[in-house]
Structure formats: C-alpha cells, structure tokens
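Biologist: I'm new to this one, so could you walk me through it? I'd like to hear the reasoning behind the labels.

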Amino acid sequence: SGVYQDSQGNEVFVTPIRVAKYLSDIMKNFPDKQAWLCFNDLSAEKIEILKCYLPPNTDNFIISTRNCDGNELLRGIAANLPKYQKMNYLLIYDPYTASVDWEALMPYLRHWGEVIINHMVSDAVRGVSQAKSHTAIAKYEQTYLATIEELATFGSDREAYEKRIQEIMTVLRGASGKRYFIASFPFFNK
C-alpha cells in the first residue's frame with residue numbers, strides 16, 4: 001500500500017507515495033506537460049490505504065488507482081498506446097508471483113518508453129529443479145518461454161536465467177531501427 005511502519009512505529013513511505021509526491025512537485029514547474037500515474041494492486045484494501053497518502057490531481061497531474069489483475073490492466077492500456085505516439089512512459093512490472101506475462105508486456109517493449117521488470121531470478125534458481133505441479137511448471141515455462149527440461153539444464157546458473165530473459169526481450173521487441181538497451185542487475189530493499 002506504499003506505507004509501512006518501522007521498528008519505532010514511524011510511518012515510512014515507499015515507492016508509490018514517494019514517486020507520486022516527487023512528480024506532483026515537479027509538474028508544478030511544467031504546466032504545459034502532462035503526467036499520468038496509474039497504481040494497481042490485486043488488493044482493494046491496499047489501494048484504499050494508498051489513496052489516503054497520494055497528492056491531489058491537478059490539470060496536468062493525474063493519478064488513477066486500480067485493483068485488478070495487472071496483466072489485464074496492461075492489455076487495456078496497450079490498446080490505447082497507438083494514439084499516444086508522443087507519450088513517454090515508465091512501466092514498472094512487478095508480478096505478484098515470479099511469472100512474467102510476455103504477451104501483456106510486448107506492446108510496451110515495442111513502443112517508446114522504459115520497462116523495468118522486477119523479476120526474482122532466485123525463484124527460478126531454487127524452484128525449477130523442484131517444480132512438480134502443473135502450475136509451477138507452467139509458471140516457469142511461461143516466464144522463460146522454454147520447456148522445464150530446457151530450464152533444468154540451467155541448474156543454479158543465475159546468469160543463464162538472466163540471459164534468457166534478455167533474449168526474450170530482444171525477440172519480442174521486434175524488428176525496429178530504433179536504439180534500445182537491456183540491463184540486468186540485482187537490487188535489495190533496505
């Protein structure tokens with residue numbers, strides 16, 4: 001929901017609230033620009049809490065909140081991307097499980113913008129060799145677009161999983177003469 005309590009009981013604002021407040025302040029200096037933020041969570045309760053801490057909408061700064069499946073939300077927004085040719089976006093994709101829905105992401109990989117995928121490679125490093133249920137196997141096969149047998153050959157090689165994700169992004173991006181960059185790096189909550 002964007003707000004937590006530290007060990008002393010103080011409220012700590014994290015990504016959604018901090019980003020919204022920061023951009024709200026910046027947009028005051030750029031009245032001829034538009035900023036639209038959309039925050040989504042499966043939990044309606046978390047969204048209601050988040051809304052209590054967000055800055056108000058203005059003529060050039062709009063926040064919308066949703067509580068639905070993130071992949072369905074991305075598909076809905078993607079349907080409108082062609083009419084926003086001059087729009088730049090930052091999409092932070094943080095799936096609830098360690099699965100990636102490439103079909104939902106593909107329009108964003110092919111349109112001008114930035115896509116950050118929060119993907120826990122360590123989940124695959126630990127889980128592929130232990131995956132027995134159809135659901136677990138399907139999750140890994142969908143995320144890496146490979147059979148579980150192919151993925152098993154990666155063993156616990158984190159770099160092999162990262163390389164596979166980069167290969168998928170390159171292929172799904174499609175043929176385009178525009179420059180693009182793919183990076184992979186670990187980050188930690190502190």
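Modeller: Let's go through some salt bridges, a few accessibility labels and one helix pair. Keep in mind that this is a predicted model.

Biologist: Why is the contact between Arg75 and Asp101 called a salt bridge?

Modeller: The N to O distance between their side chains is 2.7 Å. The cut-off is within 4 Å, for a nitrogen of Lys or Arg and a carboxyl oxygen of Asp or Glu, so the pair qualifies.

Biologist: Where do the two partners, Arg75 and Asp101, sit in the chain?

Modeller: Arg75 is in helix α3 (residues 70–78), while Asp101 is in the loop between β5 (90–93) and α4. They are 26 residues apart, and the pair links distant parts of the chain.

Biologist: Why is Asp101 called buried, but Arg75 partly exposed?

Modeller: Asp101 has a relative accessible area of 13%, and buried means under 20%, so Asp101 is buried. Arg75 has 28%, which falls between the 20% and 50% cut-offs, so Arg75 is partly exposed.

Biologist: What makes Arg75 and Glu103 a salt bridge?

Modeller: Their side chains meet at 3.9 Å, N to O. That is within 4 Å, so this pair counts too. Arg75 lies in helix α3 and Glu103 in helix α4, so the pair ties together parts that are 28 residues apart in sequence.

Biologist: And how do you know that Glu103 is exposed?

Modeller: Glu103 has 55% relative accessibility, and exposed means over 50%, so the label fits.

Biologist: What about Lys163 and Glu167: which helix holds them, and how many residues apart are they?

Modeller: Both lie in helix α8, four residues apart, about one turn of the helix. Their closest N and O atoms are 3.9 Å apart, within the 4 Å limit, so Lys163 and Glu167 form a salt bridge. Lys163 is exposed because its relative accessible area, 51%, is over 50%. Glu167, at 34%, is partly exposed.

Biologist: Which residues do shared salt-bridge partners join into one network?

Modeller: Glu72, Arg75, Asp101 and Glu103. The structure holds seven salt bridges.

Biologist: How do you know that α4 and α8 are in contact?

Modeller: Contact needs heavy atoms within 4.5 Å, so residues that meet this way count. In α4 they are Trp102, Met106, Leu109 and Arg110, and in α8 they are Ile165, Ile168, Met169, Val171, Leu172 and Arg173. By class, the contact has eight nonpolar, no polar and two charged residues. The axes come within 9 Å and cross at roughly 65 degrees, and the crossing is right-handed.

Terms used
Residues are numbered from 1 along each chain as its sequence is written. This is a predicted model: local features need pLDDT of at least 70, side-chain atom pairs count only at pLDDT 80 or more; totals for chains, interfaces and linings use all residues. Side-chain values use heavy atoms; hydrogens and water are left out. Axes are lines fitted to C-alpha atoms, for helices over the stretch in contact, and angles run from 0 to 180 degrees between N-to-C directions. Helices (H or I, at least four residues) and strands (E, at least two) are DSSP runs, numbered from the N terminus. A crossing is left-handed if the near helix is turned anticlockwise from the far one by less than a right angle, and right-handed if clockwise. Ala, Val, Leu, Ile, Met, Phe, Trp, Tyr, Cys and Pro count as nonpolar, Asp, Glu, Lys and Arg as charged, and the others, Gly among them, as polar. Buried means under 20% relative accessible area, exposed over 50%, partly exposed in between (1.4 Å probe, protein chains only).
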